[in-house]
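Biologist: Hello! Could you walk me through this model at the level of single residues and helices?

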Amino acid sequence: MGVGKSTVGALVAERLGCAYRDTDDDIVAAEGRSIADIFVDEGEPAFRAIEKRAVREALAGHDGVLALGGGSVLDADTRALLAGHQVVYLSMDVEEAVQRTGLNVARPLLAVNPRKQWRELMEARRHLYTEVARAVVATDGRTPDEVAQEVLDALELKEA
Ligand SMILES: Nc1ncnc2c1ncn2[C@@H]1O[C@H](COP(=O)(O)OP(=O)(O)O)[C@@H](O)[C@H]1O
Ligand SMILES: O=C(O)C1=C[C@@H](OP(=O)(O)O)[C@@H](O)[C@H](O)C1
Ligand SMILES: [Mg+2]
C-alpha cells in the first residue's frame, strides 16, 4: 500500500503506449462508492470477494498494464492467475511507506497506527509478493519516473 503501483503503473503504460487499468478504480466504479466505504459498510471479507472478481475480470479482459490493490495476492486463486503474467513487486521500507500513505484516510487498513499496521501486513504478505513476482523493484528514494524506468528494465521491455 502506497508503494506507487497506481502511479507507476500509469507511467509504465504511457511509456509502452498501451492501456492502463487499476482494479481499485474498477471496484469503485462498479460499486459506486469508495474503497473505504466498502470496508466500513461490508467489512474486509466482502471487499476481498469483490476484489477477487475484479482482478479475474481485469486479467481476462484487459491487455496492457494492470495495477492491483496490495491485498489481492492474499487469494490463492488470484495468485495462480497471476502466474501467467509479468508481475512486478514494487518494494519500499516502512519509513517511506508512512511518508507516502501519510494522513491519507483512503486506505482503511492503515487508518490506525499506520507504521505498526504496515509492518504487520508486510510480515504476513512479503512471501506472497515474492511468490508471484517475476521482478522486484525497490522504490526507496526514487521518483515515480525512475521507478517506471526500472520496471521496464527489469522486464526487458522497450519504450514505444
Ligand atoms: N516513487 C515515489 N516517490 C514518492 N512518492 C511516490 C512514489 N510513488 C508514488 N508516490 C506517492 O505515494 C502515494 C501512493 O501512491 P499510489 O500510486 O497510490 O500507491 P499504491 O497504488 O501502491 O497504493 C501517492 O501520493 C503517490 O503520489
Ligand atoms: O493492501 C491492501 O489490503 C489494500 C490496498 C489498497 O490498494 P493500494 O495497494 O493501491 O493502496 C486497497 O485495495 C485497499 O485499501 C486494501
Ligand atoms: Mg493503488
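Biologist: Let me start with one residue: is Asn113 buried or exposed?

Modeller: Happy to help, and please keep in mind that this is a predicted model. Asn113 has 10 other C-beta atoms within 10 Å. The cut-off for an exposed residue is 12 or fewer, so Asn113 counts as exposed.

Biologist: Where does Asn113 sit, and what is its phi?

Modeller: Asn113 lies in the loop between helix 6 (94-101) and helix 7 (114-132). Most residues other than glycine have a negative phi. Asn113 is not a glycine, yet its phi is positive, at about 50°.

Biologist: And Glu156, is that residue buried or exposed?

Modeller: Glu156 is found in the segment after helix 8. Its phi is positive too, near 55°, in a residue other than glycine. With 8 other C-beta atoms within 10 Å, Glu156 is exposed.

Biologist: Now the ligands, please. Which helix gives the most residues to the shell around ligand 1?

Modeller: The shell around ligand 1 holds 14 residues, and the closest are Gly4, Lys5, Ser6, Thr7 and Arg100. Two elements give two or more residues each: helix 1 (5-16) and helix 8 (144-154). The one that gives the most, with three residues, is helix 1.

Biologist: How many charged residues are in the shell around ligand 2?

Modeller: Ligand 2 has around it Met1, Gly2, Lys5, Ser6, Asp24, Ile35, Gly69, Gly70, Gly71, Arg107, Pro108 and Leu109. Among them, Lys5, Asp24 and Arg107 are of types that count as charged. Besides four nonpolar and five polar residues, the shell around ligand 2 therefore has a charged group of three.

Biologist: How is helix 3 oriented relative to helix 4?

Modeller: The axes of helix 3 (residues 35-42) and helix 4 (residues 44-61) come within 7 Å and cross at roughly 130°. Angles over 145 would count as roughly antiparallel and 65 to 115 as roughly perpendicular. This crossing fits neither range, so helix 3 is oblique to helix 4.

Biologist: Which residues make that contact, and how many of them are nonpolar?

Modeller: Helix 3 contributes Ile38, Phe39 and Glu42, while helix 4 contributes Glu44, Ala46, Phe47 and Ile50. By class, the contact has two charged residues, no polar ones, and a nonpolar group of five.

Biologist: Finally, what is the average pLDDT of the chain?

Modeller: Where pLDDT is low, the predicted coordinates should not be read in detail. Here, 98% of the residues score at least 70. The model as a whole scores ipTM 0.98 and pTM 0.95, and the average pLDDT of the chain is 95.

Note on methods. Residues are numbered from 1 along each chain as its sequence is written. Chains are lettered from A and ligands numbered from 1 in the order in which they are written. This is a predicted model: local features need pLDDT of at least 70, side-chain atom pairs count only at pLDDT 80 or more; totals for chains, interfaces and linings use all residues. pLDDT is the predictor's confidence in each residue, from 0 to 100. A residue is near a molecule or strand if its C-beta atom, placed from the backbone, lies within 6 Å of it. Helices (H or I, at least four residues) and strands (E, at least two) are DSSP runs, numbered from the N terminus. A residue is buried if 20 or more other C-beta atoms lie within 10 Å of its own, exposed if 12 or fewer, and partly exposed in between; C-beta atoms are placed from the backbone. Axes are lines fitted to C-alpha atoms, for helices over the stretch in contact, and angles run from 0 to 180 degrees between N-to-C directions. Angles under 35 degrees count as roughly parallel, over 145 as roughly antiparallel, 65 to 115 as roughly perpendicular and the rest as oblique. Two residues are in contact if their C-beta atoms, placed from the backbone, lie within 7 Å.
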